[in-house]
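Let's take a friendly walk through this structure, with the sequence and the model side by side.

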Amino acid sequence: MRVLVISDIHANYTALEAVLKDAGEVDETWCLGDLVGYGPDPNMVVEEVRGIKNLTCLLGNHDVAVIGRIPFESFNGGARTALEYHEKVLTTDNMEFLRSLPQNLKVREDASLVHGSPRDSVWEYILNTLSARLNFDHFTTPWCMVGHSHLQCMFRLNEANNRVTLEPIRPGELVKLKPRLIMNPGSVGQPRDRDPRAAYAIYDTEAKTWEPRRAQYNIEEVQKRIREARLPEKHAIRLMEGW
Ligand code: ZN
């Protein structure tokens with residue numbers, strides 16, 4: 001089975017479209033959360049995701065906030081401004097769809113799926129080998145797919161010496177998967193690894209391979225809509241530089 005793995009779309013419809021086109025035919029799509037937050041297109045993104053066949057979709061921290069389960073005060077000023085805008089413009093149907101999604105870890109095939117981390121599904125960032133090491137004790141599958149940090153990366157646990165390493169990965173290069181791993185497909189709509197292209201991954205459940213990928217999209221078009229919606233200028237600038 002060929003699985004498209006996406007995360008952190010953040011109301012960036014143009015980036016999502018580019019990824020869906022670039023990925024081609026897939027059997028399933030797994031989305032690790034944060035459909036909304038930051039960007040200008042919350043309704044278009046939620047509607048597009050709702051229409052994806054064979055979808056498994058989790059909630060991220062921004063989604064959990066927009067449906068009213070955590071206060072906007074937990075977010076910094078710019079993120080909060082976008083959430084207030086999204087809460088106002090999201091249609092009832094799109095809100096209902098978000099409310100129907102799970103926020104806890106879900107197991108699919110050999111993979112645990114979660115937005116933040118296995119031990120804190122919504123909030124914890126896995127940014128380094130230390131936080132990765134602590135989290136290997138909190139899932140039982142060979143690999144775990146996480147989002148939230150917006151960094152396309154992969155951590156490996158060597159069970160012989162109990163050490164965790166950050167694996168070198170390159171977009172377009174296939175990784176043969178061996179237990180145990182934590183991998184992040186990166187962010188579709190707001191990459192923070194200094195590569196502004198939309199990030200995602202293709203997971204092959206039989207071949208047990210993971211291919212991190214990047215797709216070019218029209219960033220100016222999204223910046224224009226961010227400014228039209230009077231969202232923070234920072235959200236527009238960062239897209240061009242990928243942080
Ligand atoms: Zn996010």
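## Helix 8 and its cover

A good place to begin is helix 8, where His235, Ala236, Arg238 and Leu239 are buried. Keep in mind as you look that this is a predicted model. Among the elements that cover the buried residues of helix 8 are helix 4 (77-89) and helix 7. Just after helix 8 comes Gly242, which has a positive phi, near 70°.

How do helix 7 and helix 8 lie relative to each other, roughly parallel or roughly antiparallel? The axes of helix 7 (residues 219-228) and helix 8 (residues 233-241) cross at roughly 175° and come within 9 Å. Because angles over 145 degrees count as roughly antiparallel, helix 7 is roughly antiparallel to helix 8. On the helix 7 side, the meeting residues are Ile219, Glu220, Val222, Gln223, Ile226 and Arg227, and helix 8 brings Glu233, His235, Ala236, Ile237, Leu239 and Met240. By class, this contact of helix 7 with helix 8 has seven nonpolar, two polar and three charged residues.

## Helix 1 against helix 2

Now turn to another helix pair. Helix 1 (residues 13-23) packs with helix 2 (residues 42-50) at an angle of about 25°, and their axes are 9 Å apart. These two helices are therefore roughly parallel. Helix 1 makes the contact through Tyr13, Leu16, Glu17 and Leu20, while helix 2 uses Met44, Val45, Glu48 and Val49. Six of the residues in this contact are nonpolar, two are charged and none is polar.

Asp41 is found in the loop between strand 2 and helix 2. With a relative accessibility of 4%, Asp41 counts as buried. Apart from its neighbours within four places in sequence, Asp41 is in contact with Ala11, Asn12, Tyr13, Thr14 and Arg225. Tyr13 in that list is also one of the helix 1 residues in the contact with helix 2.

## The zinc site

Which residues supply the protein donors of the zinc ion? They are Asp8 (OD), His10 (NE2), Asp34 (OD) and His150 (NE2), at 2.1 to 2.5 Å from the ion. Along the chain, these donors follow the spacing D-x1-H-x23-D-x115-H. The angles among the four donor atoms run from 86 to 177°, and the site is irregular.

Where do the two aspartates sit? Asp8 is in the loop between strand 1 (2-6) and helix 1, and Asp34 is in the loop between strand 2 (28-31) and helix 2, so the pair ties together parts that are 26 residues apart in sequence. Asp8 is buried, at a relative accessible area of 0%, and Asp34 counts as buried too, at 1% relative accessibility.

## Two more residues to look at

Asn135 belongs to helix 6 (residues 129-135). Is Asn135 buried or exposed? Its relative accessibility is 0%, so Asn135 counts as buried. Not counting neighbours within four places in sequence, Asn135 is in contact with Ser117, Pro118, Arg119, Glu124, Ile126 and Ile182.

Glu167 is located in the loop between strand 8 (163-166) and strand 9 (175-176). Leaving out residues up to four places away in sequence, Glu167 touches Met154 and Arg156. The C-alpha atoms of Glu167 and Leu181 are separated by 9.5 Å, with the two residues 14 residues apart along the chain.

Conventions:
Residues are numbered from 1 along each chain as its sequence is written. This is a predicted model: local features need pLDDT of at least 70, side-chain atom pairs count only at pLDDT 80 or more; totals for chains, interfaces and linings use all residues. Side-chain values use heavy atoms; hydrogens and water are left out. Axes are lines fitted to C-alpha atoms, for helices over the stretch in contact, and angles run from 0 to 180 degrees between N-to-C directions. Helices (H or I, at least four residues) and strands (E, at least two) are DSSP runs, numbered from the N terminus. Angles under 35 degrees count as roughly parallel, over 145 as roughly antiparallel, 65 to 115 as roughly perpendicular and the rest as oblique. Contact means heavy atoms within 4.5 Å. Ala, Val, Leu, Ile, Met, Phe, Trp, Tyr, Cys and Pro count as nonpolar, Asp, Glu, Lys and Arg as charged, and the others, Gly among them, as polar. Donors are N, O and S atoms within 2.8 Å of the metal (3.2 Å for Na, K and Ca); water is not among the atoms, so sites may look incomplete. Four donors count as tetrahedral if all angles lie between 85 and 135 degrees; four count as square planar and six as octahedral if opposite donors are over 155 degrees apart and all others between 65 and 115; anything else is irregular. Buried means under 20% relative accessible area, exposed over 50%, partly exposed in between (1.4 Å probe, protein chains only).
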